[in-house]
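Student: Could we go through this structure together, one question at a time? I would like to learn how to read it.

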Amino acid sequence: MIKNMIDKGQSIETLGTLLIRLGVALVLIWIGAMKFTAYEAGAIEGLVASSPFTGWMYSVFSLQMTANIIGSIEIFTGILVLSGLRFPLLGAFGAFLAAGTFAMTSTFLLSAPGWEASLGGFPALSVVPGQFLLKDLVLFGAAVYLMGHTLQHCKK
């Protein structure tokens with residue numbers, strides 16, 4: 001049985017890469033689309049405002065316009081990631097943008113109040129935003145993997 005699994009390693013890796021691509025694209029497109037709702041625009045306000053990278057946006061744009069801009073970037077990035085199925089260079093660029101997106105949102109772990117005081121603070125994460133943001137570390141790794149994987153296939 002183990003030898004059979006080993007023999008199928010390449011097929012399993014190919015399936016895993018496809019699932020990573022589809023998953024990263026789905027997360028970006030779905031969450032990006034949600035940014036166009038007043039609910040999500042309000043939900044991200046504290047995170048965006050607390051970041052030195054994005055906090056300036058509210059002094060230039062309205063709450064909803066800021067969310068719309070962020071959502072548009074996420075949707076565009078997700079479409080580029082998905083396009084890697086047919087157009088590897090576009091997919092690699094999308095993965096690069098996705099890595100940047102997830103690196104940026106991971107910094108919210110440092111700038112937003114994400115530590116649960118009732119549990120003694122660090123390293124106890126609050127549910128929101130702490131645990132909500134923690135997944136972005138994995139998504140960052142998935143995006144970096146996709147970028148490298150896609151670039152490797154551009155050489156062929």
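Tutor: Happy to! Let us start with a definition: buried means under 20% relative accessible area, exposed means over 50%, and partly exposed is in between, using a 1.4 Å probe and protein chains only. This is a predicted model, in which local features need pLDDT of at least 70, side-chain atom pairs count only at pLDDT 80 or more, and totals for chains, interfaces and linings use all residues. Residues are numbered from 1 along each chain as its sequence is written, and side-chain values use heavy atoms, with hydrogens and water left out.

Student: Is aspartate 136 buried or exposed?

Tutor: Aspartate 136 has a relative accessibility of 4%. The cut-off for buried is under 20%. Aspartate 136 therefore counts as buried.

Student: Which residue meets aspartate 136 in a salt bridge?

Tutor: A salt bridge is a side-chain nitrogen of Lys or Arg within 4 Å of a carboxyl oxygen of Asp or Glu. Here the distance from N to O is 2.9 Å. The partner has a relative accessible area of 32%, so this residue is partly exposed. The name you want is lysine 135.

Student: Which residues are linked in a network of salt bridges?

Tutor: Glutamate 40 and lysine 35 meet at 3.8 Å, N to O, while glutamate 74 and lysine 35 have their closest N and O atoms 3.1 Å apart. That second pair links distant parts of the chain, with glutamate 74 in helix α6 and lysine 35 in the loop between α2 and α3, 39 residues apart. Helices here are DSSP runs (H or I, at least four residues; strands are E, at least two), numbered from the N terminus. The network is made of Lys35, Glu40 and Glu74.

Student: How many aromatic pairs does a search of the whole structure find, and which residues form the pair?

Tutor: Rings of Phe, Tyr and Trp (its six-membered ring) pair if their centres lie within 6.5 Å; planes under 30 degrees apart count as stacked, over 60 as edge-to-face and the rest as tilted. The search finds one pair, which is stacked, at 6.4 Å centre to centre with 20° between the planes. Its two members are three residues apart in helix α7, so about one helical turn separates them. They are phenylalanine 93 and phenylalanine 96.

Student: Which residues does threonine 77 touch, apart from those up to four places away in sequence?

Tutor: Threonine 77 lies in helix α6. With a relative accessible area of 1%, threonine 77 is buried. Contact means heavy atoms within 4.5 Å. The residues touched are Leu28, Gly94, Leu97 and Ala98.

Student: What separates the C-alpha atoms of leucine 133 and leucine 109?

Tutor: Leucine 133 lies in helix α9 and counts as buried at 2% relative accessibility. Its contacts beyond four places in sequence include Leu109. Although the two leucines are 24 residues apart along the chain, their C-alpha atoms are separated by 6.6 Å.

Student: Where in the chain is confidence highest?

Tutor: pLDDT is the predictor's confidence in each residue, from 0 to 100. The chain has a mean pLDDT of 89, and 88% of its residues reach 70 or more. Confidence is lowest in helix α1, at a mean of 75, and highest, at 98, in α6.
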